[in-house]
Amino acid sequence: MALAAGEGRNAVWLAARGWEVGAVDFSAVALQKAEGLAAERGVRLRTVRAEFDGCGAPPPRGVLGERR
């Protein structure tokens with residue numbers, strides 16, 4: 001699973017090496033480009049459009065931007 005896959009370069013690279021890859025991103029335009037790149041390279045890539053900002057989990061302690 002490639003999270004925040006963008007235009008899919010890393011996901012397509014993995015797929016070209018035999019991995020079964022799912023690419024997830026919030027941008028439909030980027031995922032369309034990823035699908036085009038996968039087709040161009042002759043590999044299978046599953047894409048999913050999703051947003052990640054609603055998970056509600058607090059950041060780990062010691063990370064920049066930590067809530068106090």
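Exposed means over 50% relative accessible area, and partly exposed lies between that and the 20% limit for buried residues. The views below show a predicted model.

**View 1. Glu20 and Arg46 form a salt bridge.** Glu20 is exposed, because its relative accessible area is 60%. Its partner, Arg46, is partly exposed at 42%. The closest N and O atoms of Arg46 and Glu20 are 3.1 Å apart. This pair links distant parts of the chain. Arg46 belongs to strand 3, while Glu20 sits in the loop between helix 1 and strand 2. In sequence, the two residues are 26 residues apart.

**View 2. Glu7 forms salt bridges with Arg9 and with Lys33.** The side chains of Glu7 and Arg9 meet at 3.6 Å, N to O. Between Glu7 and Lys33, the closest N and O atoms are 3.5 Å apart. The Glu7 and Lys33 pair connects distant parts of the chain, 26 residues apart. Glu7 lies in the loop between strand 1 (2-3) and helix 1, and Lys33 lies in helix 2. Glu7 is partly exposed, with a relative accessible area of 34%. Lys33 is also partly exposed, at 44%. Arg9 counts as exposed, because its relative accessibility is 59%. A search of the whole structure finds 4 salt bridges.

**View 3. Asp25 is buried in the model and has no salt bridge.** Asp25 is part of strand 2. Which side chain of opposite charge is nearest to Asp25? That side chain is Arg49, and it is 7.7 Å away. A salt bridge needs a side-chain nitrogen within 4 Å of a carboxyl oxygen, so the cut-off is not met. Backbone nitrogens do approach the Asp25 side chain. That of Ser27 lies 2.9 Å from one of its polar atoms. The backbone nitrogen of Ala5 lies 3.2 Å from a polar atom of the Asp25 side chain. Leaving aside neighbours within four places in sequence, Asp25 is in contact with several residues, including Ala4, Gly6, Val48 and Ala50. Two residues of helix 2, Ala30 and Leu31, are among the contacts of Asp25 as well.

**View 4. Helix 2 has buried residues along one face.** Helix 2 covers residues 28-41 and has 14 residues. From its first C-alpha to its last, helix 2 reaches 20 Å, close to the 20 Å expected at 1.5 Å a residue. Its buried residues are Ala30, Leu31, Ala34, Leu37 and Ala38. Seen down the axis, these buried residues fall within an arc of 115°, so they line one face of helix 2. They pack against helix 1 (9-16), strand 2 (22-25) and strand 3 (46-49).

**View 5. Helix 2 also has a face turned away from its buried side.** Which exposed residues does this face carry? They are Val29, Gln32, Ala39 and Glu40. Just after helix 2 comes Gly42, with a positive phi of about 70°.

**View 6. Trp13 of helix 1 and Ala38 are 9.0 Å apart in space, C-alpha to C-alpha.** In sequence, Trp13 and Ala38 are 25 residues apart. Is Trp13 buried, exposed or partly exposed? Trp13 is partly exposed, because its relative accessible area is 48%. Ala38, by contrast, is one of the buried residues of helix 2.

Terms used. Residues numbered from 1 in each chain as written. Predicted model: local features only at pLDDT ≥ 70, side-chain atom pairs only at ≥ 80, totals over all residues. Heavy atoms only, no water. Helix = DSSP H or I, 4+ residues; strand = E, 2+ residues; numbered from the N terminus. Expected span 1.5 Å × (residues − 1). Buried < 20%, exposed > 50% of the residue type's maximum accessible area, 1.4 Å probe, protein only. Arc of directions from axis to C-beta. Contact = heavy atoms within 4.5 Å. Lys, Arg positive; Asp, Glu negative; His and termini not counted. Polar contact = N/O pair within 3.5 Å; in protein donor to acceptor, adjacent residues only side chain to side chain.
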